[in-house]
Number of protein chains: 4
Amino acid sequence: MGPDAFEEMKSFTEELPQARALGLKVEHVEPGVAVLSMPWSAELVGDPETGVIHGGAVSTLMDTCCGGAVITHPDMLEATTATLDLRIDYMRPAQPGRTIFARAECYHVTRTVAFVRAQAWTEGDGDRPVAAATGAFTASGRRGAGQ
Amino acid sequence: MGPDAFEEMKSFTEELPQARALGLKVEHVEPGVAVLSMPWSAELVGDPETGVIHGGAVSTLMDTCCGGAVITHPDMLEATTATLDLRIDYMRPAQPGRTIFARAECYHVTRTVAFVRAQAWTEGDGDRPVAAATGAFTASGRRGAGQ
Amino acid sequence: MGPDAFEEMKSFTEELPQARALGLKVEHVEPGVAVLSMPWSAELVGDPETGVIHGGAVSTLMDTCCGGAVITHPDMLEATTATLDLRIDYMRPAQPGRTIFARAECYHVTRTVAFVRAQAWTEGDGDRPVAAATGAFTASGRRGAGQ
Amino acid sequence: MGPDAFEEMKSFTEELPQARALGLKVEHVEPGVAVLSMPWSAELVGDPETGVIHGGAVSTLMDTCCGGAVITHPDMLEATTATLDLRIDYMRPAQPGRTIFARAECYHVTRTVAFVRAQAWTEGDGDRPVAAATGAFTASGRRGAGQ
């Protein structure tokens, strides 16, 4: 994946309206892996008393990040995907006022389904995950060995 | 649950910043059940070519709706909750330009965990669900018979 | 689905070695729906002190039941399937000494994926579910409208 | 965790009737981590034509393994747990005739809920996972920072 592919994937992802509304940025991409960030914003707060970001925004961040990991996987024949299902475990509140990062890894691709897992954490606090995700996405895999 | 409780829950939910950003409205509440709506908006679009709403917005709608079903459950001692985990199955794209509805039902409450399921559909197309969700939320249940 | 189809599906399911080891029986089948039973057995106990069946046996019951709901769905072109992913929520212990039932419903089929949900309960106690499941299975759907 | 604790946990797990029926063995334990094995057996076969183990047996292996990771976590005040919910992704069939291994890691414990993830693979083929799991278990955590 050369610099052009990175720029292409970055533009594609960051121009999605929902990604723009949340301020999502593609920080890093490698084959089957994507890292995205979402800056803290008052508009995303779920609990006004604490300033903690709504779980739904974290969910969108992770969903988008998982999609990025799928479309950059070397076994994918076409760079398009859609979420089939996603499970998110919320482990602790994100820290108010800080950027949230997510890293997704596409660990298996069949002809029709890609499996992904992801983690999210607050900036400067990478050892204490905010949330973890596991999901299945539509795929156009080169091989169908999985099922 | 009298009209006052409905208004109280409605205000509480609709004033969450993330709910306001998405334009979420509480349409109906009964013990352990909540129905919310989310109007179509260009800002929520996930796929610019089709105008289909981003799965993450649907996810936030369902997450918030599930929370509403938990806090109105008669076995809850306190009207607060947080998502522990949520699984969302995306079945078909929402229809562009139309309001999306979600209905959540809290079907089991233990001392510490509430279980919820939800469905989302496009206005006027209630027989063909857009997404289904299953999740566990923190609870303050009256009884702990479950576990 | 005539009586022959029922007998065929019943034989197919009950002859699976794991189904035989657990004593699974097909109680009822209709298009996209299957009901199975699993008799209580000392060999399936997870907690020797209480006699409660191991969650894994309940999981196998529900997994098998979901597969039955998929292969009988009218949109399926071939009567074979495999579990892609399955989420099970355990709500309360099954009652010792009693048969456990599961009912699964395949509520959506695309060309490649079928979505299913299921519930399990103890005989004579159908109002208080033991577990609920949601999953995605491989499919050979007539239409691919879903994704 | 000294050798005594390992033996104690090993005996406890392997004496569960369902674990004995499947021939589960505790291979390795460290704080918050458990590795179990399940030997291939004709009785566990799900597909008679291929000899592949039923997903439900893999599910029981992983469920039990996750429980082992929870009860050995250093933040747990009592060595008991029960599955609240479990999601299993099946990636490829296990190879017939070979032992299946599972490794589970408890990566977060609150006062009431423990979060776990696990992987399963066929002996000698550790790079190609058979299944992955994510779940929430009941806990008696020392701290309640998570929620």
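Axes are lines fitted to C-alpha atoms, for helices over the stretch in contact, and angles run from 0 to 180 degrees between N-to-C directions. The views show a predicted model in which local features need pLDDT of at least 70 and side-chain atom pairs count only at pLDDT 80 or more, while totals for chains, interfaces and linings use all residues. Residues are numbered from 1 along each chain as its sequence is written, and chains are lettered from A in the order in which they are written.

**View 1. Packing of helix α3 of chain C with helix α3 of chain D.** The two helices (DSSP runs of H or I, at least four residues, numbered from the N terminus), each spanning residues 55-71, pack at an angle of about 150° with their axes 8 Å apart. α3(C) and α3(D) are therefore roughly antiparallel (over 145 degrees), and their crossing is right-handed (the near helix turned clockwise from the far one by less than a right angle). Among the residues making the contact (C-beta atoms, placed from the backbone, within 7 Å) are Gly55(C), Ser59(C) and Asp63(C) of α3(C) and Gly55(D), Ser59(D) and Asp63(D) of α3(D). The contact residues divide into no nonpolar, 10 polar and two charged (Asp, Glu, Lys and Arg count as charged; Ala, Val, Leu, Ile, Met, Phe, Trp, Tyr, Cys and Pro as nonpolar; the others, Gly among them, as polar).

**View 2. The rotation axis relating chain D to chain C.** Superposed by least squares on the C-alpha atoms of residues with pLDDT of at least 70 in both, chain D can be laid on chain C with an RMSD of 0.0 Å by a turn of 180° and a shift of 0.0 Å along the axis. The two copies are thus related as by a two-fold rotation axis. Of the residues of chain D, Arg87(D) comes closest to this axis, its C-alpha lying at 2.0 Å.

Conventions: Parallel < 35°, antiparallel > 145°, perpendicular 65-115°, else oblique. Contact = placed C-beta atoms within 7 Å.
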